[in-house]
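Hi,

Here is the structure we talked about. Please open it alongside this note, which walks through what turned up.

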Amino acid sequence: MVQPIKCRETIGDAVSMVKKINKVRSAILACATALTMLGLALPMSAQAEYGDIVINNYADQAGMNPVVFPHWFHRARFRCKVCHADLGFKFKAGGNEINMLKIIDGQYCGACHNGEIAWQVENCNLCHSGKPGTPTQVHGSTVQKLVTPANAKNKGK
């Protein structure tokens, strides 16, 4: 004989669980707020040390906006080896001879931007979103802020 489901207990259990989760959320939020108010929490930038990489090896010449590669976004989701070992990206901004033919053939960005893992390459503006004329380099990296610009050394002389 099949036992009827006791909906009242099941719903009651679910409500109890949601209340517990809400208490934990409230406690975490209260702690985070307290730490922030005390100045103990460090402001976190989503870009952190990895920043964005603007790739403009061929874009300006082709009449396209440079590519903005959100390195921090990819780094948050993948280990370094996925792109730098498995896909062959060099550890230098603009260090690869990447062009759209290679990407369409599934190399470099095209390994993931194939419509299955990430959006397809036909969505040009999602990647080609940089300001024209922006040089190939890492932008927005905290590491850059630690390095004294070369022209700053000459200002005091």
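**Around F89**

Start at F89, which is in contact with C83, H84, N96, I98, Y108 and C109, leaving aside its neighbours within four places in sequence. Bear in mind that this is a predicted model. F89 also belongs to the largest nonpolar core. That core has five residues: C83, F89, I98, I103 and Y108. So C83, I98 and Y108 turn up twice, as contacts of F89 and as members of the core. In soluble globular proteins, nonpolar side chains tend to be buried together.

**The sheet**

Next, the strands. Three of them form an open sheet, in the order 2-1-3, with antiparallel pairing. Strand 2 (67-69) and strand 3 (137-139) stand at the edges. Each has a single partner strand, so one side of each is left without a neighbour in the sheet. From one strand to the next, the twist averages 30°.

Strand 1 covers residues 52-55 and pairs with strand 3 over three bridges, in the antiparallel sense. Strand 1 also pairs with strand 2 over three bridges, again antiparallel.

Which residues face each other? D52 stands opposite H139 in strand 3. I53 has a partner on each side: V138 in strand 3 and F69 in strand 2.

Now the side chains of strand 1. D52 and V54 point one way, while I53 and I55 point the other way. All four are buried, D52 included.

**T134, in the loop before strand 3**

T134 is found in the loop between helix 6 (124-127) and strand 3. Is T134 buried or exposed? Its relative accessible area is 17%, and buried means under 20%, so T134 counts as buried. The side chain of T134 reaches the backbone oxygen of K131 at 2.6 Å. Not counting residues up to four places away in sequence, T134 touches V54, N56, P66 and H139. Two of these also appear in the sheet: V54 sits in strand 1, and H139 is the residue opposite D52.

**The salt bridge**

How many salt bridges does the structure hold? Just one. The side chains of D86 and K81 meet there, at 3.0 Å from N to O. Side chains of opposite charge can pair when their charged atoms come close. K81 has 47% relative accessibility, so K81 counts as partly exposed.

Best wishes

Terms used: Residues are numbered from 1 along each chain as its sequence is written. This is a predicted model: local features need pLDDT of at least 70, side-chain atom pairs count only at pLDDT 80 or more; totals for chains, interfaces and linings use all residues. Side-chain values use heavy atoms; hydrogens and water are left out. Two strands pair if DSSP finds at least two bridges between them. Helices (H or I, at least four residues) and strands (E, at least two) are DSSP runs, numbered from the N terminus. Axes are lines fitted to C-alpha atoms, for helices over the stretch in contact, and angles run from 0 to 180 degrees between N-to-C directions. A salt bridge is a side-chain nitrogen of Lys or Arg within 4 Å of a carboxyl oxygen of Asp or Glu. Buried means under 20% relative accessible area, exposed over 50%, partly exposed in between (1.4 Å probe, protein chains only). A polar contact is a pair of N or O atoms within 3.5 Å; within protein, one must be able to donate a hydrogen and the other to accept it, and residues adjacent in sequence count only if both atoms are side-chain atoms. Contact means heavy atoms within 4.5 Å. A nonpolar core is a set of buried Ala, Val, Leu, Ile, Met, Phe, Trp, Tyr and Cys residues joined through side-chain atoms within 4.5 Å.
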